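Trainee: I am new to this structure and would like a close look at a single part of it. Please take one pairing of side chains and work outwards from there.

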Amino acid sequence: MEGDHRSRAAGGMDDQTVQTPQGPLGLQDRLDSSPHIPSTIESLPKSVKRRVNTLKQLQVKSAHIEAQFYEEVHELERKYAALYQPLFDKRRDVVSGAVEPTDEECEWQSDREDEEELSEELQKKATMEENKEAASTEEDPKGIPEFWLTIFRSVDMLSDMMQEHDEPILKHLQDIKVKFSEPGQPMSFTLVFHFEPNGYFNNSILTKVYKMKSEPDPSDPFSFEGPEIVGCEGCDIDWIRGKDVTVKTIKKKQKHKGRGTVRTITKQVPNDSFFNFFSPVKVPPGEEMDEDLEFNLATDFEIGHFFRERIVPRAVLYFTGEALEDDESFDEEELEEAEEEDHEDDGDEDEGDDEPKKEEPQPAECKQQ
């Protein structure tokens, strides 16, 4: 259900219990005492205002029905996740080399004309090159090497998070799964990263849990637009000594005030790394967020949804780059639409001018493109 879920940094970001919406009388008091009543409402007769309040009551009930709808959508996603999982498990086995697909499974009809129209001479040449390569290689690579690392490198959102020292670790990433909360539990989804044994940490899996809620805010029920993420939890990484890439060691000289002697001390400071993703910032309950923290949390939620909605379901298309082409085409369409709207707005502003204004000549570097 891509696009149905809105990731917003909820106020306070704490795990407060969702309050039961106030009844009609409580809401009526808030509506009557609201200081932000539009001027159109103020000019209405009292009897009409009462009827408008009735419509607002109906709107609140509608918001709660919508919340129930999204809860059922979540259950539907959980149901179909179980149907998708065998396919994703087969993908994992092929990527890791645990399973060698059959010739029939490997068949794929390319839609590229240049590949379909290869001359017989080029085909023979390609076959000869393949034979030479096979002869020079003792054994075929296992599975699909660096499958997930290639995806990380290709997707801007992920490559921006990844540092050079992360790449040797991500070569050991075997699979990423999305796990939905069980029936009766609070709404959430978990990203599960599976790693093969490596020389960096002892964990076989790393997890990131995104907690969600689908409930209108009792103090502002009309703002409800669907499930929102209200918090996230990472996991502890059991780093092997000296292999923690989320910290770096720096040396600092200190001068003794009395004796004047100088000594060199070493200390660890935070280091940029993708693996900081598993140590999200936590906001104490009741504490207000500054703009930087709110931005970081919103970015974290966006990344979580991107893994869930795009990367995991369509991994092979991000590996081949086909999904990237689709994303770029979509972005270009949005940009073209925005430019057309701007052009129309400019045209509207020009209407009403009886005579076009004569522009003064401009230097070449000042002319608009």
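Mentor: Start with Glu 77 and Arg 308, whose side chains form a salt bridge with an N to O distance of 2.7 Å. Glu 77 belongs to helix α3 and Arg 308 to helix α10, which covers residues 291-311, so this pair ties together parts that are 231 residues apart in sequence. Keep in mind that the model is predicted.

Both ends of the pair can be checked for exposure. Glu 77 has a relative accessible area of 13%, and because buried means under 20%, Glu 77 counts as buried. Arg 308 is buried as well, at 5% relative accessibility. Arg 308 has another partner, Glu 309, and in that salt bridge the closest N and O atoms are 3.6 Å apart. Glu 309 is also buried, as is Arg 308.

Helix α10 takes part in a further pairing. The side chains of Asp 300 and Lys 208 meet in a salt bridge of 3.0 Å, N to O. Asp 300 is in helix α10 and Lys 208 is in strand β3 (residues 205-213), so the two tie together parts that are 92 residues apart in sequence. Asp 300 and Lys 208 are both buried. Elsewhere, Asp 89, Arg 92, Asp 93 and Lys 177 are joined into one network by salt bridges that share partners. A search of the whole structure gives 12 salt bridges. As a general point, side chains of opposite charge can pair when their charged atoms come close.

Now follow helix α3, the helix that holds Glu 77. Helix α3 has 51 residues, and from its first C-alpha to its last it reaches 71 Å, close to the 75 Å expected at 1.5 Å a residue. Helix α3 has a kink of about 35° at Tyr 84, shortly before the proline Pro 86. After the helix comes Gly 97, which has a positive phi near 90°.

Ile 65 is another residue of helix α3, which spans residues 46-96. With a relative accessible area of 57%, Ile 65 is exposed, whereas Glu 77 in this helix is buried. The C-alpha atoms of Ile 65 and Pro 216 are 10.0 Å apart, although their positions lie 151 residues apart along the chain.

Next, compare these pairs with an acidic residue that has no salt bridge. Asp 175 sits in strand β1, residues 173-180. Asp 175 is buried, and the nearest side chain of opposite charge, that of Arg 91, is 4.3 Å away. A salt bridge requires a side-chain nitrogen of Lys or Arg within 4 Å of a carboxyl oxygen of Asp or Glu, and Asp 175 has none. Leaving aside residues up to four places away in sequence, Asp 175 touches Arg 91, Arg 92, Trp 148, Val 192, Phe 193 and His 194. Of these, Arg 92 belongs to the salt-bridge network with Asp 89, Asp 93 and Lys 177.

Two other residues are worth finding. Glu 146 is in the loop between α6 (120-136) and α7 (147-154). Glu 146 has a positive phi of about 55° although it is not a glycine. At 29% relative accessibility, Glu 146 is partly exposed. Tyr 318, in helix α11 (residues 315-320), is buried with a relative accessible area of 1%. The C-alpha atoms of Tyr 318 and Val 155 are separated by 7.6 Å, with the two residues 163 apart along the chain.

Finally, place these details in the whole protein. The protein has 12 helices and six strands, and buried residues account for 28% of its 369 residues. Of the contacts between residues at least 6 apart in sequence, 64% join residues at least 24 apart.

Confidence varies along the model. The mean pLDDT is 77, with 69% of the residues at 70 or more. Confidence is lowest in helix α1 (residues 24-33), with a mean of 41, and highest in helix α9 (residues 167-170), at 97. Over residues 1-35 the pLDDT stays under 50, and the model has 70 contacts beyond four places in sequence for that stretch. Residues 356-369 also stay under 50, with one contact beyond four places in sequence.

Notes
Residues numbered from 1 in each chain as written. Predicted model: local features only at pLDDT ≥ 70, side-chain atom pairs only at ≥ 80, totals over all residues. Heavy atoms only, no water. Helix = DSSP H or I, 4+ residues; strand = E, 2+ residues; numbered from the N terminus. Buried < 20%, exposed > 50% of the residue type's maximum accessible area, 1.4 Å probe, protein only. Expected span 1.5 Å × (residues − 1). Bend = angle between axes of the 7 residues up to and from the residue. Lys, Arg positive; Asp, Glu negative; His and termini not counted. Contact = heavy atoms within 4.5 Å. pLDDT = per-residue confidence, 0-100.
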